Every structure is written in C-alpha cells, then in structure tokens.
Amino acid sequence: MKSKKKKRQDDFQKVKLKVGKTKPKADNATNTNFRSKGINITKQLKRDTSGPTTHRHLSINDLLSQLHHYSANIKHSALLGLKELLSLNPSLLEQHLSRLLSEVAAVFTDKDGNVRVAATRVLRFIAQSVPAERVAPFYPVLSAHLSCAMTHIEASIQEDAMKILDVLLEHYAALLAARPAVLITNFLELISHRQSSGGANKTQDAKGWTWALSVNPSRAVTSQQWRLSVLLRLGRFLQAVVEERPVEESDIFIPTEGAFGPSGEGKLTPLYLNWEELTYSKVGVKVYEHSGAKPTPQSTFRLRAEVNRGPTVGEDLDSAEAVQSFAATMVPLLLEVWVEASTSDCPWNTTEGAHLLSPDAMSVMFQVLSILQMLRKLAPRREHQEALDAWFYKEYLRDFKQHFMKNFPYGSRDTPKHRKKVDLKRSKQTAAVPGLTVEPLALNITLCQVMVSLSQRQGLGRETDGDWLTPLRTFVRDTLGSGVKVSYRQLHMLLGTVWKMVFTQRSTTVTEDLLAAVYVYYKQRHLTLQTRSLLLSFYSKLYLQEQGNTHIARSKVLCRWLASLPVQLSQLGQRNPALSARLILSIQAAASRKHKDLLNSLQTHACMLYDPQEGVMVLLPVESQQRMVQLLYFLPKMSPSLLANLSHCCTAGRISAGLTAALIRIVHFRSSLSGWSVGSQEAALQDVDYISFLFSTLTGFSSDKLASLQEAGDALPPSPLAPLSLYPTPLEQFTHHWDVVEEVCHCLETLGSKSQCFDILQNGICKYLAKLAVVPDSMAAGLLRAVSRLLDLSILPIEPMLRFLSQCCLSLLALLITLEQEVPAETNHKREAIWGACVSALSSVPRLLRMVLQSMRVGDLSGEERPQLGQILSLLLQHTPIQNQLLANAALLQEIIQQLTRYSRGATREQWLTDLLYCYTVSVAHGSSARRGNLGLRDIY
C-alpha cells in the first residue's frame, strides 16, 4: 500500500519554481518554429478582361448563360446584372441585341414571378434605348414568346404578359400593328373561350366556333378587373393598327387623335424610282393603284389578294370582310361584358339611380365604347367604313339603344368610404390595373360619338333617328354652349359628332342649333393654340361643304364666324404667327368663293391689315405674307388710303422683292388700265388712284419722309460737280428699290399709250420732285430708269424736267466716282445700277447729254473735283451707245477738255488727264468720218 501511494505521487508531481531559474516548458507546448508556402489556383481566380463586367465581375456572356439555370434566384440576379451592365455600357446593346432579345424573351413564361418582373424591366430598358427599326428583324421572336405568355395556362403569367404588352405598345406599336392576326386571337382567348356549339346568346365565327366569356376563380383579381385590363390593352392595340394605316384625303372631318392620347398619323410616302438602276438590277418594285390613295370614281380596278381565303377571326384586318368578321365576334362579347358589369354594379335595379355608375362600371363601359369606336376605324377605305356603319346600324342598333341609351347621360355615384383596415394586397391589385379613373364627361362624349356614327343620312324611305338622337344632340349642345372645360381630345370628339349630325340630319334648325353652341365655345378666351386651330379647321372644312348642302350655305352662324375673321386677324397680329396663318387660310378659302359677308369685313379692315408699320402684312412670316398678297385679288374695292399703305409696304423693304412684284402685278390686274378682266369682275380702283400708286412706289419715299430728308444732315453736300444733295440709301434698300422700279416700269409700259404715261410722269416729277434740294440716290436712279424706258423719239421733254434730270444724272455720276474710290467690292451692284440708269437716260432722252455737259463748269471746280470730272468724261467717251450723242456735242466737249487742260498745266501731266485725252482722241478720230452724215443729230441732242 505504501508503494502504490508513492507511485501515484510521482505521476502528479508538483514542479517547484525557484527564483532566478528559467521556467521549464510544459510538456504540451506547441512548437511554432515552422515555414509555410501560399497555394495559388490561377485559373479559378483569373478575371475576364475581354469586356465590361458587373460589380460581381460577370460579363454579358456569363449573365446570359445564367438565364438557363434551374434556380430562380440565379436567373433573377442575372437579369439584375444585365440591367446594371447595359446601363453602364450602352454599346453592348448593339453588339448583343439579337441574343439579348431572344434570351430575355425566353423567360417571359418563367414559373417564378420575380424573374418575370425583372425580365419586363430589362425589356423596358432595351425598348427605351433601341429604335423600332433595329428591333424589327428580331420582332418575330418577341411576338412568339409574347403569344406564349398571353395564352399560358398559369393566370399569373398571363397577368405579367399584359405588362410586357404595355412595354411593346409604348415603344414598338408599329411592329405590333403590322401583324395583328395572332394578337387579336390571343386577346379573345384571354377573356373568352371557344367551343364547338353554344346557345343563342353566344356568338359564332366563320369556322363555326362559338365564343363565350370565361371565368377563372384562381386569378388574383376579379373577373371584371381582369377583363377591364385586357380591354384596355386591346383598345390601345387597335388604336396602333388604325394609326399605321394611311389617311385618305377627304372632305370629311376626320379626327387626328385616338381615344388613348395623341399620336402620329399614318401618311402616304412617295416612292422615288431610278429607272436606270432598276433596269440592270434584280430588285423588284411593287406598284399599287394610286399608291394606296383613294381611287378615282371612274376606276373599277382592284388588286386581288395573293391567297384567297375566307374571313376568320385570325385574319389580318386588311379587308372589309375581315373587319366585319372580327366585329361580329367582338361586339357580342363587349355587350356581355357590359351587361355583367352593370348588373353587378346596380343589383337592386332602381330607376332613379340607374344612370349613376360606380368607378369600376364606368371604366368598363368606357373601354367597351372605345373598342367599338376603334372597330369603325379599322375599315380600309372610306366606302368600307360607311358600309360597316350601315351594318352596325342594322345588326346592333337595338342592342346599343337598350344597353347604352336607356340611362343616358351617365353620372358618377358617390360611394361611402368606410373606415376599415387597408388590404395591401387588394390595393396593389387595384393599382396594377391601369385606366380605372374615368370622368363622366369623357364617357358621355365617347358614347355620343359611337351612337351618332350609327346614324344614317335622312332621305326618302328611311326611318328617322330623332327619337334616340335628340338626347345626344341636347347633350352636345349643352356641353359646348355651357362653357364646360373639355380637353383637346374631347373637343375633337364633340366636333366630329357635330359634323356627323349636320350631314346626317340635313336640317337647318339642327345645324344652326349645333353651330351656335360651337361658336359660343369658339368665342371663349384663353384657348390654347391647338384648340383654336382645331375650331378654325372645323369651321373652314364645314364651309367648304356648302355646295350642295343648302342647310350649311344658309347658316347665319357660319356667316357671322366668317365676318369676324378679319377682325380677329388684325387683333392677333404677330402674337401667334401659327394661329394667324390658320386665320389667313380660312379667309382665303372664303374670299376665293366670293363670300359677301367676309369680303365686306375684309374691305372694312383692309387698311389695318396692310398697315406698313403694325399690320399683319409686314409682321408675319413669308408664307403668311404671300397669302396676304394673294388676298388683294379678291378685294371688291381698293381705297386710296389702302393703296397708300400698299405703296409704303412695297418701298419699306419689310417684304421681299418677289412679293412686292406680285403685289404690284395684282394691283395692276385689278385696274381698268391693264385691259385684263375675268367674267363680270369690276375694276377695284380708279385710274387716278392707280397712277398715283405707281408714282409713289416709283419714288420709293413718302412725302413726309422726303420732307424730313430736306432738314436732315445725313445727305452729301452739293457742289459745282454735284448740283443736287444726294441722300445715300443703304445697299439693301437700294437693291430692293431697284427691283421695285423694274416692276413699276413694266406696268407702265403695258398701259397702252407711252406718250400719255410719260406726260403723267413728267408732270409728277415737275410738280413734286423738281423743287427738292435733297434727293435719295435710289429715287434719282429710279427716275432716270423710268424716263428712259417710257420715252421714244416722238416725245420731247419739257425744260424743267430736263434740268432736274441733268442734275440727277451729274450728281449720280459724281457719286459713282466716289463709290469706286471708297469700297468698290461692296457697292458693285449699286454702281452697276447707277451707271446703267445714267447711260440709258443719256442715250435715249433728247438734249439731256447736252444739258449735262453745259452744267460742267470747269472754272467753278476745285482741285479735287477736276480729276473726278475727267474720270466722268473718260467713262462717257468709252461707252459706245452714246457715241453719236457725244459727236453731236463735240464742240462743247472739246471746250470742256481744253479748260481742264488749261487748269491742269504743270511740270508733269497727271494720269487722269492723259487717259481723258486718249479717250477723246480715239472717240473723235473714230467718229470723224460719220460726223458729216449725222449733222441732224446735233439739232436733236
């Protein structure tokens, strides 16, 4: 026993520590003296540097490959990564567009809802960045996956397909509308189902199938909300189909906006062909009759379709039979949808509150009416639409009156709001259905347009539609006449309804009643430009239909509107050029038809419209100015005050030279002196007023302006070489006035007797212009040009006129030398015009050259003016057309040159004098042989 105890103490022996000794290491101590090396897996940690990546270092190829993974979370994160990568690197869209669209579209039918939502967001991002023409080659892939989603057995996938459809309708509506057959069938199958046979309440298509509304209790929303959501998308899709079709030119008031907002119109684009390239190429060109426009009434040619098949619901809506077949399938379903909604909305069926609808029922009815409205517009041609309206009238008028007109007009029911716990799930479902809020006014206006479109033109053997059209007409009249604020689209629909009523009822009372209401709305202030233009277009197109429609031609409201147009134009002015242009178009249309009330109003306000300072004639753009000039042709009379304004407009330079020439020609044609008339049209102005207009336009300045120039100090001072003080007009004004002078001279030459015209011009110059001390250079040149064109050898001018013309000519020649020395390049056109006017006058006006030479007093000239006189004589001697006149005045010319030589004696002869002597020697030597045979010229010149 003693040995075992001793052994046990040896196993658990206590170590005694001593001071100053090293502490012994424990038996279980870990030895840390070792070395380790890092392990690197290069391929696994290598990053993809071939292109951009996300924050998780995933490239676009990695993300697209992850879309095929079985895990919904990985596919969802891959879609989020795609949106991140594409937003940071937009260039990847162009490089991988085909694969992106195909891979993203493949998950439209994924069983996980989060994946489908993420796919919709990626598709929206792509649609916002890529135009439709780039997506067009890949659209069949998108369409196929969209059809799969819309017809999927899972209700949640169908609901998400509506969101995908919203994206495509917003950005690629034209691509959807190009092939509507498949989508139309899909829309029908979303709210109904086909069966081989059915009862009397079910509709039957061309293949014998019957369609009935379907109910799916497993949906997250109610059946009514689901149908409303589908009908909303169907309406937008049909609107896109209508907009992509070309608009035919017609005199019918066609709305340019759809029921779902503004959009562009389909237009006929011309096809330009290069026959040389097509001759040697293998590219075929399809040629259609009239390029798709409305055919002529005499044409009976029609192109046959490539495949002749019977009309079915799935057929493209490019024929009247297909549209009617689709309408026959769709309209009973729409009526059934509305009947269910109205029954559930008012189960107690009370007569007093039957016209009050809940917001849900109002939304359903609005979408039903909107689709009915779109069905009418699907007809390919105008005649097809009329036939479709007649078919609607025959087949469904009784149903429409029973279900729609029974409680018209409709109002909104006030539903009490109970305080209860908010159901977040139900609120999200309600918010997911767009377009729930519909105003009663919009609903009633849409119903008016749908019902009025069914009305037929009244005639012999036809039943009158007054019983159900009367409340519609009353509602339209009260809405327009009471000043209710309506949107542009609603106003467009109301005007279309008025247009249809006017031409179907053909009653003077109805026409006056409706047009008076429209005129009340037209007279409202603060209307937008778009609204005002729409009203102007409505009235203008309605006025153009007066021929053959006595109830329109006799409308007093229309006459009152036309008579107010000139007043509105004068008040509007340049504050709104676009609206002013619309007014001018309306005025021009009525003036061309010689509307008496409009012409009288135009005559009254003509001076205000054509005011040279503040009139619309000079304030509006060029296109409107051109139409204002054309309006002058239709004026009954042109008063002297109006002619004075027109003359100022011509000379002020605020309208172009071409428009000025057109204005002068129109005034010329309206004068009896022109010898030109059409029918029984009388002369609009007297001969005296016409001559005064031409003379005022020829001078280029009014009497007040000339009087102010006499006191201004801007003119060049007179001198012995330039007896008149010339006012230098700017180059632009001079050029404009020169073009006006040419047109005035042309009109004066066509008046008949040149001698009488010259006498009138001579008397005007002597009476009003000969006493002026300051004369504008443009007026002086214009007078010389006019005198030379109107004068012939049988007319001898009087002495005062010759003296004034000689002063003008000598002053212009001195100005010409000054312009050559200062800025010859900038005044090239002005110098040519002045020189041409002076030479033509000196060569054609008798004794003018002699009087000019007599005015050259060398002794009175200064040292700076003698070289200018020498240069003037050198220019005249070098000009061949006045050689005979110079030879006739050789003695006087020789005396002037001798005086210049005497005053210019010095050690060296100046260059200008050498040139003058040379020109004189050559001219005199050349003409000495002919001088003896032309002694008679001396008596004339």
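Which residues does Asp166 touch, not counting residues up to four places away in sequence? Here are some friendly notes on that and a few other points, bearing in mind that this is a predicted model.

1. Asp166 and its partners. To take the opening question directly, Asp166 touches Arg233 and Arg236, once residues up to four places away in sequence are set aside. Asp166 lies in helix α10. Its relative accessible area is 17%, and because the cut-off for buried is under 20%, Asp166 counts as buried.

2. The α9/α10 pair. The helix that carries Asp166 is also worth viewing alongside its neighbour in the numbering. Helix α9 covers residues 139-150 and helix α10 covers residues 155-171; their axes come within 8 Å and cross at roughly 145 degrees. The crossing of α9 and α10 is left-handed. On the α9 side, the contact is made by Leu146, Ala149 and Met150, while α10 contributes Ile157, Gln158, Ala161, Met162, Ile164, Leu165 and Leu168. By character, the residues of this contact divide into nine nonpolar, one polar and no charged. If you are looking for the polar member, it is Gln158 of α10.

3. Helix α37. This helix runs over residues 777-790, and its length is easy to check. At 1.5 Å a residue, its 14 residues should span 20 Å, and the end C-alpha atoms are indeed 20 Å apart, so the two values agree. As for its surroundings, 13 of the 14 residues of α37 are buried, which means that the helix is largely enclosed by the rest of the structure.

4. Cysteines. A search of the whole structure finds zero disulfides. Cys649 is in no disulfide, and the nearest cysteine sulfur, that of Cys650, is 6.9 Å away. A pair would need its sulfur atoms within 2.5 Å to qualify. Cys649 has 1% relative accessibility and so counts as buried. Cys448, at 0% relative accessibility, counts as buried too.

5. The chain overall. Stepping back, you will find 45 helices and seven strands in the chain. Of its 941 residues, 48% are buried. Among contacts in the chain with a separation of 6 or more, 73% are accounted for by residues 24 or more positions apart.

6. Where to look. For a quick tour in the viewer, I would begin at Asp166 with Arg233 and Arg236, go on to the left-handed crossing of α9 and α10, and finish at α37, where 13 of the 14 residues are buried.

Technical notes. Residues numbered from 1 in each chain as written. Predicted model: local features only at pLDDT ≥ 70, side-chain atom pairs only at ≥ 80, totals over all residues. Heavy atoms only, no water. Buried < 20%, exposed > 50% of the residue type's maximum accessible area, 1.4 Å probe, protein only. Helix = DSSP H or I, 4+ residues; strand = E, 2+ residues; numbered from the N terminus. Expected span 1.5 Å × (residues − 1). Axes fitted to C-alpha atoms, helices over the stretch in contact; angles between N-to-C directions. Left-handed = near helix turned anticlockwise from the far one by under 90°. Contact = heavy atoms within 4.5 Å.
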